[in-house]
Amino acid sequence: MAEHQFAVWAPRPDLVRLDVDGALYPMERGADDWWRATLDVEPGARYGFVLDDDPTVLPDPRSARQPDGVHARSALWSPAGPPAADWAGRSVAGAVVYELHVGTFTAAGTLDSAIERLDHLVRLGVDFVELMPVNAFAGTHGWGYDGVLWYAVHEPYGGPDALLRFVDACHRRGLGVLLDAVFNHLGPSGNYLPRFGPYLSSGSNPWGEGINIADADSDEVRRYIIECALRWLRDFGLDGLRLDAVHALVDTTALHILEELSAETDSLAEQLGRPLSLIAESDRNDPRFITERSAGGYGLTAQWDDDIHHALHAAVSGEQHGYYSDFGSMAVLAQTLKSGFYHAGSFSSFRKRRHGRPLDTATVPGCRLLAYTSTHDQVGNRALGDRPTAYLTDGQLAVSAALALLTPFTAMLFMGEEWAATTPFQFFSSHPEPELAEATRQGRKAEFADHGWDAAEVPDPQDPETFLCSKLNWDEAGAGRHAAMLALYRELIALRRTEPDLADYWLDHLAVDYDEDARWIVLYRGALAIACNLGADTASVPVTGEVVSAWGTPRVGAAATALDGHSFAVLRVSARQVR
């Protein structure tokens, strides 16, 4: 037995009682609307709160562990020890990030089983592992974006102890760890927060009701978010957070919550003596997210850049539906790689309005933007969850990899991409409520029917097979074309580390040449030229030099290099030859 103080912020109920293993205890309300009680309890005791006359025992909003799911009592938890102290950390700027979903990364779908695959990532050469959300959500499996208890680690993944083991295992191998954190909405099943206080706002976003970070009584809600974020970094030793859809955080206060979080994260980094990163997912093309606070920005470390993905994907694949409609040309690809954002105040035909704002490339380096050919969204939000492997040639995949990995941006891969995995990554859920399961099923079909897909072809997200078929097949990685692609990814990532010119992240230093009709593009980075042929026919590209890396068989001549269709070559040139 040990003394423990239980506390919960609950301004809405008139009475809050503490339930510990089925026994009720009174709690005392403070002037700050925090209810507190101190008891001698056993380690791991199950507890919850009873509000007013409703006998339902609700989990702790700041629960660290939910052994029986998000609808059940919380469990007291404390780590066996602090995070390993011998990890100096590393900067995310210019790194290679590897995004993975714990449940489908391995057959077992746990954090402990993921540890068994970390040596593969070390050999691949990546610098950071980015975990899709691990916060507690209803059901056994899902993407994790329907979390309702943000402080707890999803129990089927192994709970909080498993996360500590995973982070320690990564650090021992020199890998940093990032976590996808969702603070813009709560899931539909197990969200009891409104029973305690005004956690939700009057507004909404595409995923549900918004979070109250600017309305009346929002100060404690803001602290709930910020303290959750800092806890992952401090108590679990994480190296940074990917902040989901920050454009859905509606903050009308003078101090935006992202700026506040950025300042507190920098302060924590100074205390810990290691770098900490905040990476935004934003749909706005707004440089303020990654502009220094001293210059009027929010001071986040980096942000995902969908314009780079769209420009690259549309140019390579030829797809131009939906949000790809403004992309596809070599000119747009070149402009996006040079500017960071394509839509920088220009008209977006998809949005039917002007979109974005120019990035000051003289003060904001390209490494503050993440470039990628695939993400969980760009694969999983296709109707069939099909990867580029399903509709691109190996040459097109190789060209895409070169353009994503050898440009002046922080690079990111999605699990399995490195060996051209053939398994899909589909949208899956396991809502236990039949009505919610059906609503999810029908909503998914309706979404893609609007885009011309046959609703009958859309996988049922509630079918366990949809989840199971999304698990990586690791047997592929060492065979045939998959092994060749894996070797290429290792080679390209190694180039990022060994070629000094590829460590120059200033977009102003990047020179680009291209031919719209012949479908080739050349990126000049110092003495290196990355020449890519996106067309199906052989192209004569006006650049020569020593071949450093290639896919296909480049033929270097006196004034030009012949590139096979869907191929690339990295050349060491003596001088730039931009026309």
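Let's start with a single side chain: the charged end of Arg231 sits over the ring of Trp232, with 5.3 Å between that end and the ring's centre. Arg242 does something similar with Trp304, its charged end lying over the ring at 4.1 Å from the centre. Keep in mind as you look around that this is a predicted model.

Now step back to the wider layout. The UniProt record, an unreviewed entry, places the annotation "domain: Glycosyl hydrolase family 13 catalytic" on residues 99-444. Across that stretch, 34% of the chain is helix and 16% is strand, and the C-alpha atoms at its two ends are 24 Å apart.

Helix 7, residues 257-272, is a good piece to pick out. Its 16 residues should span 22 Å because each one adds 1.5 Å, and the end C-alpha atoms are indeed 22 Å apart. Several of its residues are buried, among them Ile257, Leu258, Leu261 and Leu268; Glu260, Ser262 and Thr265 are buried too. What lies over them? The cover for the buried residues of helix 7 includes helix 6 (219-235), strand 15 (240-243) and strand 16 (277-280). Right after the helix comes Gly273, with a positive phi near 75°.

Finally, have a look at the aromatic rings. Searching the whole structure turns up 23 aromatic pairs. One of them joins Tyr98 and Phe105 edge-to-face, with 6.2 Å from centre to centre and 70° between the planes. Both Tyr98 and Phe105 are buried. Elsewhere on the tour, ring pairs tie Trp9, Trp150, Tyr151, Phe183, Tyr199 and Tyr224 together into a cluster.

Methods: Residues numbered from 1 in each chain as written. Predicted model: local features only at pLDDT ≥ 70, side-chain atom pairs only at ≥ 80, totals over all residues. Heavy atoms only, no water. UniProt positions renumbered as here; feature names shortened; annotations may be inferred. Helix = DSSP H or I, 4+ residues; strand = E, 2+ residues; numbered from the N terminus. Expected span 1.5 Å × (residues − 1). Buried < 20%, exposed > 50% of the residue type's maximum accessible area, 1.4 Å probe, protein only. Contact = heavy atoms within 4.5 Å. Phe/Tyr/Trp six-rings, centres within 6.5 Å; stacked < 30°, edge-to-face > 60°. Lys NZ or Arg CZ within 6 Å of the ring centre and 35° of its normal.
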